[in-house]
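Biologist: Please take a close look at one part of this model, with its residues named and the terms given their cut-offs.

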Amino acid sequence: MELGIEEFKKSIKTDLCNIQNQSPFAKKKTLDRLNQALETCKDNSTKLDSLNEILFSNENKSGTTLYDSVLLNLLSDSLEKSRTTSLNYLLEIKLTENLINKLIYQLEILINNEQVEELRYLICKLILKIIEIGGINSISMNTEKIIKIIKVSLSDNSPDQKEICSKLIQRLSDKVPNRIIYFSSELIAQLIGNLGNRQQRVRMESLQALSSLALSGSIKIINTLEPMVMILATDNSPQIRIRLLQSIEQWCTKIPTTQQYFEFLLPIIIELSISDIKPIRNQAIITLNSISSNYYKERENELTNNDDDETLKNFNISQSLLIKKQFENKLNYFRLIDQDTEQLSNERSNHEIFEKKQVESSNNINNNNNNNNNNNNNNNNNNNDNNIISINSRQLILKYSQQIMKRFYRCFHEQELEQNIRDFKQTFLLAFIGYLGSLPSIRFIDAIIEIITVRKVDHFDQIEKKNNEIIYILGLLIDQSVFIPRIIEKIKEQLLDSSIDIPLLQIQISILKQYFIGLLNNPEKQINSDSITLIIQQFKLILFKENSFTPIIIDFLLTISNVISIKTNSIINQDNNNTINEFSKLLILLDINNGLTMDNQSFNQISNSFTSLDYQLLLEKTGDSLIDEIVNKDKNQLIKQKSHLLISNYLCSKLSNIKKDKIQIINEKIKNE
C-alpha cells in the first residue's frame, strides 16, 4: 500500500538520518527502501517536491542539510550500492546553481577512483544534468574539471560511456564555446578514435562532438579530420553520411575561414550528391546549395561578373540533357537537368529566393541542441527528390575545380587497400566530370586518363563498372580531337620501348573502345577521319610488333561497327583515298595474322560500318592503289617490311583483275633475295 505524503517524508528522513551508522547488512536494507521511495517519486511531482524539501532543510543536529551530510557522503562510501543510490538521487532531485561547484569537485575525485562501469556512466549523466541547469559563469569556472572527467570517461570501452561523453562535449561547446576551445586539443584524438567504433550511435555522437568543437572556434579540427572524412562518407550507415553532410554545411557556412578546406570537403558533397540513397543524395544537394549560397552572398559581384558563367549555362542546356538521356535510370542524378532554356535564363534572378529557402531548411537540420528531433523534422526534405543543384553550386564547383583536382590527384593512392574508398573516388570523379561538363573537364584530361588507366583492372567489378561509366561520359563530353591523340601518344610510347607492356596496351585499347561507345551514343557526333587515321596507323604498328593483339583489334572494330550501325553515315569517306587505303591494309593484316580464318560476315560488317562497302568491294576499290604503292617501294623497303609482300600476295589471291605486270615488278625487285 502506498504511503501518504507525511508518512513518506518521515520514512525517507528516518532512513537518511540513520544510514551512516548502520551495519553493512542494515545499510543495504535501508538503501533498498530509499531506492523504492525514489521510484515512487519519478511520476509523482508532490513526492519529489517533498524529497527536495527533506534533503535541503536544515533540521539535523549539525545544522547542515541531509544533502550535504548524507547524500554527498554516500558518493564516497565503500559500498557500491551506496554510491549508486546517491547518484540516482542526485539525478532526480532539484539541484541549484550554488551546489554545482562542490558537486563537480566531488565527482572529479570519484571518477578517478570509480571502477564500476555503470557508476562511471551515472557520473557522466549527472555532469550532463549539471551543464544543462548551470549558468554560463558557473560552468565556465568548472570547465577544466568537467574536461578532466570527460577525458577519463572517454577511455572507457563502454559504448554508452563514449556516447554520453560525446554528448557532454556538445553541450559544453554550446554552453561555453569560449572556454572549451582551450581544452579541445585534449579531446580530439579520443573522439577521432571513436569515429571507427562499431556502434553507429558512438560514431554519430563523436562526429557531432568534433563538429561542435570546430564550431566553437577550434577550426584546425577540420584539417585533422581530413583522413577520416572520406571514411565517414563511405560509412555503412546512411545516418552517418547525412550527419557528415550536415556538419560540413555548418562548418562552411558558420566558420569564415573554411574555404581553405573546400578542396577536400567539396568532393565529399559532390560524390554523395549522386548517391543511390535518396535521403543522402538530397541532403548533399541541400548542403551544396546552402554552402554556395552563403559563399556568393558574401561575394555578390563575383558571380555576376564571372567569365565562366556562359560556359555553365551552355552545359546546362545541352550536355546535361544528353547525359540524362543516356543515363535515364543510372546517372539521372546530374540534377542540372530538368530545366529548359527559359528557366535557366530566369534562374539567376530567382536563385536568391530558392537559396534562402534551402538555407532555412538546412538551419533547421543543423540545430545541435536536439539532433534526433532534427532528423525527424527533415525526413520530408531528405525524401523529396525535387532538389536540384543550383547555378551557384555549379559555379562554386567550377571555381574550386583546379584545387579539388590537384588534391584528388595527389592523394589518389591514399587508403588504396580499402575497396569502399576506391569506389568512392571513382564515383566522385564521375560526378565531377558530369558537373563540370566538356570545356572545364579538358583541363584535367591527362590526370583523368591516368586515373582511369589505373582503375581499369580493379579486382572489384563495381569499381571497374564505374570506371567504364567515366570513360563513357568522356566519350559524351570530351572532343575526340582532345582525347584520341592523348591515348595514341601513350600507345606510341609503348611501341617505342624495347618490350611492350601487353596488359597496359590492352587497357589503352579498351579505354579507346569504351570512349567511342560514349562518343557514338551522342547523336550529334561521330568518329572523324583524323581520329580513325591515327588509330589505324597505331593498330598496324601494334600488329607488326605483337601479332597476339589481332583478336583484340578485331573485337575493337566489331564493337565500334555495332555502335556505328545505328548511324546513317559511315566513318571513312570513300573519296578519302589515304584513309580508306590504310583501313584496307589493316583489315588485310588482321586476316593474315588470323590465319585467313576470319569469316566474311565479320569483315563485311566492319567494312560496311566504316566505309559503306562490303569487304570484297573494299579490296576491289583499294587493290590497285595498294599495289601501286608497293611497286613504288625500293628493294630495301620491301625486304625490311615483309608486310608489303604479304599484302600483295593477299590481293593476288582475293582479286582476279589485279594487274599482273605490277606483281611481276615486285617479284623482280626481290628476286635475288
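**The second largest cavity and some helix contacts**

Modeller: The second largest cavity is lined by Lys585, Leu626, Glu629, Ile630, His644 and Ile647. This is a predicted model, in which local features need pLDDT of at least 70 and side-chain atom pairs count only at pLDDT 80 or more, while totals for chains, interfaces and linings use all residues. Residues are numbered from 1 along each chain as its sequence is written, and side-chain values use heavy atoms, with hydrogens and water left out.

A cavity here is a set of points on a 1 Å grid over the protein atoms alone, where a 1.4 Å probe fits but cannot get out; lining residues have an atom within 4 Å of a point. There are 2 cavities of 30 Å³ or more by this rule, and the second largest holds about 30 Å³ (the space filled by probe spheres set on the points, which are joined across faces, edges and corners).

Two elements each give two or more residues to this lining: helix H36 (615-631) and helix H38 (642-654). Helices are DSSP runs (H or I, at least four residues), numbered from the N terminus. H36 supplies the largest share, 3 residues. By class, the lining has 3 nonpolar, 1 polar and 2 charged residues (nonpolar: Ala, Val, Leu, Ile, Met, Phe, Trp, Tyr, Cys and Pro; charged: Asp, Glu, Lys and Arg; polar: the others, Gly among them).

Helix packing can be read in the same terms. Helix H17 (residues 262-272) and helix H26 (residues 419-436) cross at roughly 85°, and their axes come within 8 Å (axes are lines fitted to C-alpha atoms over the stretch in contact, with angles from 0 to 180 degrees between N-to-C directions). H17 and H26 are therefore roughly perpendicular to each other (65 to 115 degrees; under 35 counts as roughly parallel, over 145 as roughly antiparallel, the rest as oblique). In contact (heavy atoms within 4.5 Å) are Pro267, Ile268, Ile270, Glu271 and Leu272 of H17 with Phe424, Thr427, Phe428, Ala431, Phe432 and Tyr435 of H26. That contact has 9 nonpolar, 1 polar and 1 charged residues.

H17 also packs with helix H15 (residues 226-233), at an angle of about 5° and with the axes 10 Å apart, which makes H15 roughly parallel to H17. Here Glu226, Val229, Met230 and Ala233 of H15 meet Phe264, Ile268 and Leu272 of H17. The residues of this contact are 6 nonpolar, no polar and 1 charged.

Methods:
On a 1 Å grid over the protein atoms alone, a cavity is a set of points where a 1.4 Å probe fits but cannot get out, and a pocket is an open set with protein on both sides within 12 Å along at least five of seven lines; lining residues have an atom within 4 Å of a point.
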